[in-house]
Amino acid sequence: MAIKYKWLAARLKEQLPSYKNNGVHRLPTEAWLCKHYHMSRQTVRDALRLLEQEGLIERRQGSGSYLTGLSAQKEYNVIDILLPNTEEYLFPALVAELRKVFGEKGFSCRFHEVNGSLKKEREILEEILSDLPYKGKGLLVMGTKSGFYNPNLPLYENILEEDIPLVFFLEAYPELPRVPTVKPDYYHSAGKLVAYSVDKGNTDIGIILPFMEHSSKEMYQGYLTGLAQARLPFEEDRVFWVGDQLPSFEQLCHCEAVICHDDLMAYLLEKKFRPIANQGKVIPAILSLGGTYLSASSRHPFYSLEVSTAALASEAYSLLYSLGLCP
């Protein structure tokens, strides 16, 4: 009996990569395995239990046995994650959630800091592609300067050709629409921020957006829709597309409220306007997207629409799992 269940477990283990490659996440039923391999149900259950102990499958009562995506070679159970950094703004919270979510499933996270550099992004991708077959389970990438054509797109095409699971995170490259993306709802979030500002009695509402990020276009569209729904006129000089420099108080003083792309931008704007507010001058109400600690820790706290890092991390795992992860 012992030899039979170990043989069956080894046989099923050999077949797991083909299941993954064909997008199959559920093993055949116990009844099918009994009939196909001419073994008793107890032998089949012992074999499945062995695979479960190794972390290769998850048995769900009343549903069946499902692949976890893990490899028998534990050093390969790694997710490569490209982020701007891991120590500033919302990224420490994201890093913690990603480690938690993937860790609970048996995966470790290997973080790569891009620091806004297309050169650094290229170096990381080239390193991954230089050592094939891929020694990991998938890639989670926050796009760099996604508002413009990225010269590294051919490398992403190569990654897709190698059948390496790829998911974009927070910022996507629109030239690769077939790659799934995990991101906040930038469009509706901007509309909600307009509505919130209107509810507070503001009718002259501006917006500040980084011109280098594709998500800014979605927020801009949501902002325009929000103005239209509130029956407010669109004023072109209330929209600020920025790089490293934020608008001056003189540029924004006519706005009753201003929406920022994210909490870091809002925090820096509040800090810039702090001396003016201390002089007793009225500064625009500041709103943003993020819900991070920065909104409450500012000298003059601003309203921030919360983004759930836990939900983003969970969705990232679900998408990578749906892509099969790497065998």
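Here are some exercises on this predicted model, each with a worked solution.

Before you start: residue numbers run from 1 along each chain as its sequence is written. In this predicted model, local features need pLDDT of at least 70 and side-chain atom pairs count only at pLDDT 80 or more, while totals for chains, interfaces and linings use all residues, and side-chain values use heavy atoms, with hydrogens and water left out.

**Exercise 1. The overall picture**

Task: Work out how many helices and strands the protein has, and what percentage of its residues count as buried.

Solution:
- Start with the elements: there are 12 helices and 12 strands. Both are DSSP runs numbered from the N terminus, with helices being H or I of at least four residues and strands E of at least two.
- Next, the extent: along its principal axes, the C-alpha trace spans about 85 × 40 × 30 Å.
- Then burial: 50% of the 327 residues count as buried. Buried means under 20% relative accessible area, exposed is over 50%, and partly exposed is in between (1.4 Å probe, protein chains only).
- Finally, contacts, meaning heavy atoms within 4.5 Å: among those between residues at least 6 apart in sequence, 70% join residues at least 24 apart.

**Exercise 2. Helix α5**

Task: Find out whether the end-to-end span of α5 agrees or disagrees with its residue count, and where its buried residues lie.

Solution:
- Take the length: α5 has 12 residues, which should span 16 Å at 1.5 Å a residue, and its end C-alpha atoms are indeed 16 Å apart. The expected span is 1.5 Å times one less than the number of residues.
- List the buried residues of α5: Glu121, Ile124, Leu125, Ile128 and Leu129.
- Look down the axis: these buried residues fall within an arc of 130°, so they line one face of α5. The arc is that of the directions from the helix axis to the C-beta atoms.
- Recall the helix rule: with 3.6 residues a turn, an α-helix has residues three or four places apart pointing the same way.
- Check the other side of α5: Lys119 and Glu127 are exposed there.
- See what the buried residues of α5 pack against: β3, β4 (108-113), β5 and α6.

**Exercise 3. Helix α6 and what follows**

Task: Describe the buried face of α6, then say which residue with positive phi follows the helix.

Solution:
- Pick out the buried residues of α6, which are Leu153, Leu155, Tyr156 and Ile159.
- They line one face of α6, because their arc seen down the axis is 155°.
- Their packing partners are β3 (78-83), α5 (118-129), β5 and β6 (166-169).
- After α6 comes Asp163, with a positive phi near 60°. Asp163 is not a glycine, and it sits in the loop between α6 and β6.
- At 63% relative accessibility, Asp163 is exposed.

**Exercise 4. Two loop residues**

Task: Place Thr144 in the fold, decide whether it is buried or exposed, and then find the cis peptide bond at Pro133.

Solution:
- Thr144 lies in the loop between β5 (138-141) and α6 (153-161).
- With a relative accessible area of 6%, Thr144 is buried.
- Leaving aside residues up to four places away in sequence, Thr144 touches several residues, including Val114, Glu121 and Tyr173.
- Pro133 is in the loop between α5 and β5. The cis peptide bond joins Leu132 and Pro133, with omega about 0°.

**Exercise 5. The largest pocket**

Task: Give the space in the largest pocket, then say which residues are closest to its centre.

Solution:
- The largest pocket holds about 1200 Å³ of space.
- The residues closest to its centre, out of 42 that line it, are Tyr89, Met142, Glu213, Asp262 and Leu264.
- Elements giving two or more residues to the lining are α4 (91-104), α10 (263-278), β11 (285-290) and α12 (309-322).
- By class, the lining has 23 nonpolar, 12 polar and 7 charged residues. Ala, Val, Leu, Ile, Met, Phe, Trp, Tyr, Cys and Pro count as nonpolar, Asp, Glu, Lys and Arg as charged, and the others, Gly among them, as polar.
- How a pocket is found: on a 1 Å grid over the protein atoms alone, it is an open set of points where a 1.4 Å probe fits, with protein on both sides within 12 Å along at least five of seven lines, and lining residues have an atom within 4 Å of a point. Grid points are joined across faces, edges and corners, and the volume is the space filled by probe spheres set on the points.
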